[in-house]
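Work through the exercises below with the sequence and the coordinates open. Each task is followed by a solution in steps.

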Amino acid sequence: MIVQKIPMNLHVMLTLYRLMWGICTPAILLYLYLRSRREPAYTKHLAERFGFHSKREQSHIWIHAVSLGEVRSAAPLIAQLLQDDLPLVTTHFTPAGRSEIQRLFPDAVTAGRLVPCYVPFDTDAAFRRFFKAFSPAYGLVMEVEFWPGMIMSCRKRGVPLFLCNGQYPSKSFARDQARFFSRAKIISSFAGVMVKSQLQAERFAQLGVEKIAITGEMRFEQPIPPAHIMAAQELRRSLFGRRPIVTLASVVEGEDTGFLGVISKVQSYCRAQNAPLPLFVYVPRAPDRFEVVAKMIEAGGFAFARRSTMLDAQLSLLPGATDAPLDILLGDSLGEMYFYLDLCDLAIVGGGFCPKGSHNISEPICLKKPVIIGPNDSTIEFPAREAIAAGLCEKLDFSQLADRLTHSPAAPPTEKMKADFLAAHSGSTTKTLAAITRSLSS
């Protein structure tokens, strides 16, 4: 791999960036400590944050998947790469991402074929230690994690680094181009990028990336746990029957008041019409919000139950679990999104009802559920806009959402519409591996 000299202005910016990391590291450690008061795993394995690991004998393929969503996106790729000779190391910033690897690939982790750990802080010294321990043959970064220190440390040591399932959201793209120092300035140092759509390919080409492949959305190929589907179908049959069910998935802070208001309006309308009350499955995005949301639901006067007190580890009803009518089932668990989604007739994905931007809609689409998202979809331009055009998804605000659920329900997409969409967007893992092979061979 030929490493070209970087321009002087970029060198100055990177120097300032590294200096900032040195100054801010105590604040980051404080952040981890404060998070650990709610999630103790944040301060476990702290040495990994500085790149300290025992030296491995073999080179590893390195995959960076920052948190839970990126791990699920990478799962099909990891499964395929585990069939090759080289072991894998995955890096994550959150405990949820790290533990999901152990849940999805327990045999590979136990056998030492797959090593999950925390990503080093974005300093050259931390990555130098990480590279010394694992000798990466190449690195794969999932989605939108373009860390300047990571990219330049790879460039400095000749480690080919690829972006997989890549996207550059429109708001971030416009903002970063306008800034004097931003990650947009170092994107061209990737060895190659594999992106979700033609629009994304054009954006990366505009930033100077030469090796670009359009590979689609890898999340359409993530494994669906059969046990979750069976449990959802059994619970619905035994407890909820023909009652309409709406799942609110990945609800973020700032959306709760709006969603609870919609639920109240829907209930009032259904009572006035003497119609069946829908059950709302309410799944907060982050575990530290479970208790906060529970208190808000309780304060709203809703009849609710928590998944943790209603169902056992196999998602079966616990002895003595209430069979009283519920307004809301609170999904206070991680790694069970397919269960919550398979329960429903309609999925409403959070994030986009506030400025943060919508979370991915691949899971409900894979389960062939109609989807509604909020107005702010810049974070999931693909596949949201394609799904909207295909009739599988709608984009509404809170007032429109309440009307859709009461006065003007939309006709659900046909089975053919769903099947055609999934067929048109399949094969991302195979395309990604082929693109990596081409880039490495050239």
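## Exercise 1: Salt bridges

Task: in this predicted model, count the salt bridges and examine the pairs formed by D288 and by D256.

Solution. The count over the structure is 23 salt bridges. One of them joins the side chains of D288 and R38, with an N to O distance of 2.9 Å. D288 sits in the loop between β9 (279-284) and α11 (290-299), and R38 in the loop between α1 and β1 (61-64), so this pair ties together parts that are 250 residues apart in sequence. D288 has 22% relative accessibility and counts as partly exposed, because the buried class ends under 20%.

Next, D256 forms a salt bridge with R289, and their closest N and O atoms are 2.0 Å apart. This pair also links distant parts of the chain: D256 belongs to helix α10 (residues 256-272) and R289 to the loop between β9 and α11, 33 residues apart. Both partners fall in the buried class, D256 at 4% relative accessibility and R289 at 10%.

## Exercise 2: A pair within one helix

Task: describe the salt bridge between R385 and E381, and find the network that holds these residues.

Solution. The closest N and O atoms of R385 and E381 are 3.7 Å apart, which meets the criterion because the cut-off is 4 Å. Both residues are in helix α15 (residues 381-389); they are four residues apart, so about one helical turn separates them. Their exposure is then read off: R385 is partly exposed at 41% relative accessible area, whereas E381 is buried at 4%. Finally, R203, D377, E381, R385 and K395 are linked in a network of salt bridges.

## Exercise 3: Nonpolar cores

Task: which residues have the most contacts inside the largest nonpolar core, and which elements build this core?

Solution. The largest nonpolar core has 43 residues, and W62, F190 and F204 have the most contacts inside it. Elements giving two or more residues to this core are α1, β3 (114-118), α5 (124-134), α6 (148-157), β5 (161-166), β6 (192-195) and α8 (198-206). The largest share, seven residues, comes from α1. With residues up to four places away in sequence left out, F190 touches V141, F146, I151, L161, F162 and L163. Another core of 27 residues lies apart from the largest one, and L81, L114, M142 and M194 are among its members.

## Exercise 4: A nonpolar surface patch

Task: is I23 buried or exposed, and which patch includes this residue?

Solution. I23 is found in helix α1 (residues 8-36). Its relative accessible area is 59%, so I23 is exposed, the limit being over 50%. M8, V12, L16, L19 and I23 form a nonpolar patch on the surface, with about 530 Å² of accessible area together.

## Exercise 5: The whole chain

Task: compare the radius of gyration of the protein chain with the value for a compact globule, then list the overall descriptors.

Solution. For 442 residues a compact globule would have a radius of gyration near 22 Å; the chain has 23 Å, which agrees. The C-alpha trace spans about 70 × 40 × 40 Å along its principal axes. The secondary structure comes to 18 helices and 14 strands. Of the 442 residues, 55% count as buried. The accessible surface is about 19,200 Å², with 57% belonging to carbon and sulfur atoms. Among contacts between residues at least 6 apart in sequence, 70% join residues at least 24 apart.

Conventions:
Residues are numbered from 1 along each chain as its sequence is written. This is a predicted model: local features need pLDDT of at least 70, side-chain atom pairs count only at pLDDT 80 or more; totals for chains, interfaces and linings use all residues. Side-chain values use heavy atoms; hydrogens and water are left out. Patches are made of residues with over 30% relative accessible area and no salt bridge: like charges are joined within 9 Å, nonpolar side chains (Val, Leu, Ile, Met, Phe, Trp, Tyr) within 5 Å. Accessible areas come from the Shrake-Rupley method with a 1.4 Å probe; for residues, only the protein chains shown count as cover. Buried means under 20% relative accessible area, exposed over 50%, partly exposed in between (1.4 Å probe, protein chains only). The radius of gyration is taken over C-alpha atoms; the globule rule is 2.2 Å times the number of residues to the power 0.38. Contact means heavy atoms within 4.5 Å. A nonpolar core is a set of buried Ala, Val, Leu, Ile, Met, Phe, Trp, Tyr and Cys residues joined through side-chain atoms within 4.5 Å.
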